[in-house]
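Reader: I am new to this structure and would like a close look at a single part of it. Please take your time and link that part to what lies around it.

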Amino acid sequence: MTHSNPSLRVLLSAEQIQARIRELGAQIDRDYPDGQVYLVAILKGACFFLADLARAIQRQTRIDFIGISSYGKGKTTSGEVKLTKDLDSSIEGADVLVVEDIVDTGITLNYLMHVLRQRRPRSLRIAALLDKPSRRVRPVDVAYVGFQIPDQFVVGFGLDYAENYRNLSDVCVLEETAAAPKP
Ligand code: IMP
């Protein structure tokens, strides 16, 4: 599918992504104290990264999901963030690792970290598969970054454009062509 669509150019192959996730899992195993790592994935994009990262971590993990809306259907942010689905359990005293697909402006994670910090976890860190540092408008401290990428709109491995392309195994740049019209 990836290669038959002329508007998609592979930026990170499935193999590159999987190798990097294995490295991140090993690093997390080394860094964390004994006990459970409480993985909190941001819906929906981070689900693919979460599934692979959780299996790359040898420690005991717990998994939960949080829903945040900050983007519309297109490629630009509204700047507004709201919680659309809360966690199922308390994170008080837990070693929480927030799992995100991509850090762009930082607005989403800056807001989420503020919300989660108030719930008194023992530790609170972020793992993001992708980071676009040149786009940052709010500060975010990302402890585990898969890949830093340039300021290009990407899809695949959970990332969408108007809810499409999440199921690609590669991360691809979505190029502006007739096949990828603006909504
Ligand atoms: P931020 O609040 O600007 O950091 O945006 C984070 C969210 O924006 C991510 O979780 C994605 O849902 C979305 N996003 C940012 N850049 C991209 C991209 O290149 N492709 C797809 N979604 C993106």
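Leaving aside its neighbours within four places in sequence, which residues is Leu-53 in contact with?

Author: Please keep in mind throughout that this is a predicted model. Once the neighbours within four places in sequence are left aside, Leu-53 is in contact with Ile-21, Leu-24, Gly-25, Ile-28, Val-99 and Ala-127. Leu-53 belongs to the largest nonpolar core, a group of 30 residues in which Leu-53, Phe-49 and Leu-130 have the most contacts. At least two residues of this core come from each of several elements, namely the helices H1 (14–31) and H2 (47–56) and the strands S2 (37–43), S5 (95–103), S6 (123–131), S7 (144–148) and S9. Among these contributors, H2 gives the most, with five residues. Apart from this core there is a second, separate one of 21 residues, which includes Tyr-38, Ile-68, Leu-109 and Leu-112. As a general background to such groupings, nonpolar side chains in soluble globular proteins tend to be buried together.

The strand S9, which covers residues 171–174, deserves a closer look, since both of its faces are covered. On one side stand Val-171 and Val-173, on the other stand Cys-172 and Leu-174, and all four residues are buried. The general pattern behind such an arrangement is that side chains in a regular strand alternate between the two faces of the sheet. S9 takes its place in an open sheet of three strands, where the order is S1-S9-S8 and the pairing is antiparallel. S1 and S8 are the edge strands of this sheet, each of them pairing on one side only. Between S1 (residues 8–12) and S9 there are four bridges, and Leu-8 is found opposite Leu-174 of S9. Between S8 (residues 154–155) and S9 there are two bridges, and here Val-154 is the residue that stands opposite Val-173.

Val-154 also leads from this sheet to the ligand, because it is listed with Thr-105, Gly-106, Thr-108 and Lys-132 as the closest of the 16 residues that surround the ligand. A polar backbone atom of Val-154 lies 2.6 Å from a nitrogen atom of the ligand. Two side chains also come into play, with an N or O atom of Glu-100 lying 2.9 Å from an oxygen atom of the ligand, and an N or O atom in the side chain of Lys-132 likewise lying 2.9 Å from a ligand oxygen. On its own the ligand has 490 Å² of accessible area, and the protein covers 91% of that area. The strand S5, which also supplies residues to the largest nonpolar core, gives the largest share of the shell around the ligand, with four residues. Both S5 and the helix H3 (107–117) supply at least two residues of this shell.

Thr-105, one of the closest residues to the ligand, is placed in the loop between S5 and H3. Thr-105 counts as buried because its relative accessibility is 8%, which is under the cut-off of 20%. Its side chain reaches the backbone nitrogen of Ile-107 at a distance of 3.2 Å.

Other loops hold some backbone details that can be set beside this one. Leu-43 and Lys-44 are joined by a cis peptide bond with an omega of about -5°, and Lys-44 lies in the loop between S2 and H2. In the loop between H3 and S6 there is Arg-120, a residue other than glycine whose phi is positive, near 55°. Arg-120 is exposed, as its relative accessible area is 61%. The loop between S8 and S9 holds Ala-162, whose phi is near 50°, again a positive value in a residue other than glycine. With a relative accessible area of 34%, Ala-162 is partly exposed.

Technical notes: Residues are numbered from 1 along each chain as its sequence is written. This is a predicted model: local features need pLDDT of at least 70, side-chain atom pairs count only at pLDDT 80 or more; totals for chains, interfaces and linings use all residues. Side-chain values use heavy atoms; hydrogens and water are left out. Buried means under 20% relative accessible area, exposed over 50%, partly exposed in between (1.4 Å probe, protein chains only). Two strands pair if DSSP finds at least two bridges between them. A nonpolar core is a set of buried Ala, Val, Leu, Ile, Met, Phe, Trp, Tyr and Cys residues joined through side-chain atoms within 4.5 Å. Contact means heavy atoms within 4.5 Å. A residue is near a molecule or strand if one of its heavy atoms lies within 4 Å of it. A polar contact is a pair of N or O atoms within 3.5 Å; within protein, one must be able to donate a hydrogen and the other to accept it, and residues adjacent in sequence count only if both atoms are side-chain atoms. Accessible areas come from the Shrake-Rupley method with a 1.4 Å probe; for residues, only the protein chains shown count as cover.
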